[in-house]
Every structure is written in C-alpha cells, then in structure tokens.
Amino acid sequence: MDGLFSIQRQLQRATQKESDSTRRVASFLAGTTPPAASADAADDPASPALLSELHRLAALTYNPGENAAAFARLGDALSRPAEHAPRHVERALVLCRHLMLYGCEQSVDHAWEYGRQCEALSGYNTA
C-alpha cells in the first residue's frame with residue numbers, strides 16, 4: 001500500500017513541476033523575469049540575469065513533457081501575434097532561438113514545426 005502512495009506522490013510532483021515550467025515560460029514571455037534584474041537589464045539580451053533565466057528554461061527542455069508544454073506556450077505567441085504585445089512576441093522569438101541553440105534535440109524539432117509562424121512574422125507590423 002505504501003508503494004501505491006509513493007507512486008501517487010511522485011506523479012503529483014511531476015505534474016506540479018510541469019505546470020511550474022509552463023508558468024516560468026509564461027512569466028518570461030510576459031517580461032516579468034528575471035525578478036532580480038532592473039527593467040533596463042531585462043530588455044538587454046546580453047544581460048547576465050536574462051541569460052541565466054534563458055539557460056534555466058533551456059535546461060527544462062530535457063524533460064519531454066516540459067519541452068512540449070514550453071513550445072505549446074511559445075506557439076500561442078508565435079501563431080497569433082496580433083493578440084499579444086510586440087514585446088511578448090519578441091521575447092517568444094528570443095526564447096525560441098535560445099531553446100534551439102541550448103535546449104535538447106526535441107527543441108529543434110519543435111522549433112522546426114513553428115518555422116512557418118516565424119516566417120509569417122517577417123511581415124508583422126506593430127503600428
């Protein structure tokens with residue numbers, strides 16, 4: 001009986017962790033991370049705090065469930081840019097590029113699926 005409860009607790013932790021990664025991606029896209037950085041540093045792509053958060057998100061992609069959840073969240077921003085703020089779309093592109101470079105191999109496959117949405121953004125006008 002203890003084994004059954006142990007498995008149930010492990011599943012609950014895995015589900016909670018997966019939703020945590022989705023929240024991290026959402027907060028990154030919204031521009032609310034990194035929390036310790038100033039507003040100017042958060043806008044600079046070379047800022048150490050921003051790079052640290054990008055690397056943390058790339059590390060999450062080595063879990064297949066979290067990788068799929070992260071790219072589902074990215075796909076929402078990339079496929080419907082008119083419904084999102086320009087900064088949100090820009091951060092989605094930055095995150096997508098970073099996940100392709102530093103994420104797992106599946107990240108490249110997921111990013112490949114969103115290639116058409118990224119190409120369509122070449123005609124995106126914020127005005």
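**Close-up views around Ser-107**

**View 1. The whole chain, for orientation.** The chain has seven helices and zero strands, and this is a predicted model. Read from the N terminus, the elements simply go α-α-α-α-α-α-α. Of the 127 residues in the chain, 34% are buried. If you look at contacts between residues at least 6 apart in sequence, 72% of them join residues at least 24 apart.

**View 2. Ser-107 and what it touches.** Here we zoom in on Ser-107, which sits in helix H6, residues 105–113. Its relative accessibility comes out at 0%, so Ser-107 counts as buried, the cut-off being under 20%. Skipping residues up to four places away in sequence, Ser-107 touches Thr-61, Asn-67, Phe-71, Leu-99 and Met-100. Ala-70 is worth picking out too: 37 residues separate Ser-107 and Ala-70 along the chain, yet their C-alpha atoms are 9.5 Å apart.

**View 3. Asn-67, a contact of Ser-107.** Asn-67 belongs to helix H4. With a relative accessible area of 0%, Asn-67 is buried. Once neighbours within four places in sequence are set aside, the contacts of Asn-67 are Leu-60, Thr-61, Cys-104, Gln-106, Ser-107 and His-110. Thr-61 turns up in the contact list of Ser-107 and in that of Asn-67 as well.

**View 4. Where H5 meets H6.** The axes of H5 and H6 lie 7 Å apart, and the two helices pack at an angle of about 140°. That angle makes H5 oblique to H6, because roughly antiparallel would need over 145 degrees. The crossing of the pair is left-handed. On the H5 side, the residues are Cys-96, Leu-99 and Met-100, and they meet Ser-107, Val-108 and Ala-111 of H6. Sorted by class, this contact has five nonpolar residues, one polar and no charged ones.

**View 5. The largest nonpolar core.** What does the largest nonpolar core hold, and which residues have the most contacts inside it? There are 20 residues in this core, and those with the most contacts inside it are Phe-28, Leu-29, Phe-71, Leu-74 and Leu-95. The elements giving two or more residues to the core are helix H1 (2–30), helix H3 (48–60), helix H4 (64–79) and helix H5 (86–102). Phe-71 links this view back to View 2, since Phe-71 is one of the residues that Ser-107 touches.

Technical notes: Residues numbered from 1 in each chain as written. Predicted model: local features only at pLDDT ≥ 70, side-chain atom pairs only at ≥ 80, totals over all residues. Heavy atoms only, no water. Helix = DSSP H or I, 4+ residues; strand = E, 2+ residues; numbered from the N terminus. Buried < 20%, exposed > 50% of the residue type's maximum accessible area, 1.4 Å probe, protein only. Contact = heavy atoms within 4.5 Å. Core = buried A, V, L, I, M, F, W, Y, C linked by side-chain atoms within 4.5 Å. Axes fitted to C-alpha atoms, helices over the stretch in contact; angles between N-to-C directions. Parallel < 35°, antiparallel > 145°, perpendicular 65-115°, else oblique. Left-handed = near helix turned anticlockwise from the far one by under 90°. Nonpolar A, V, L, I, M, F, W, Y, C, P; charged D, E, K, R; others polar.
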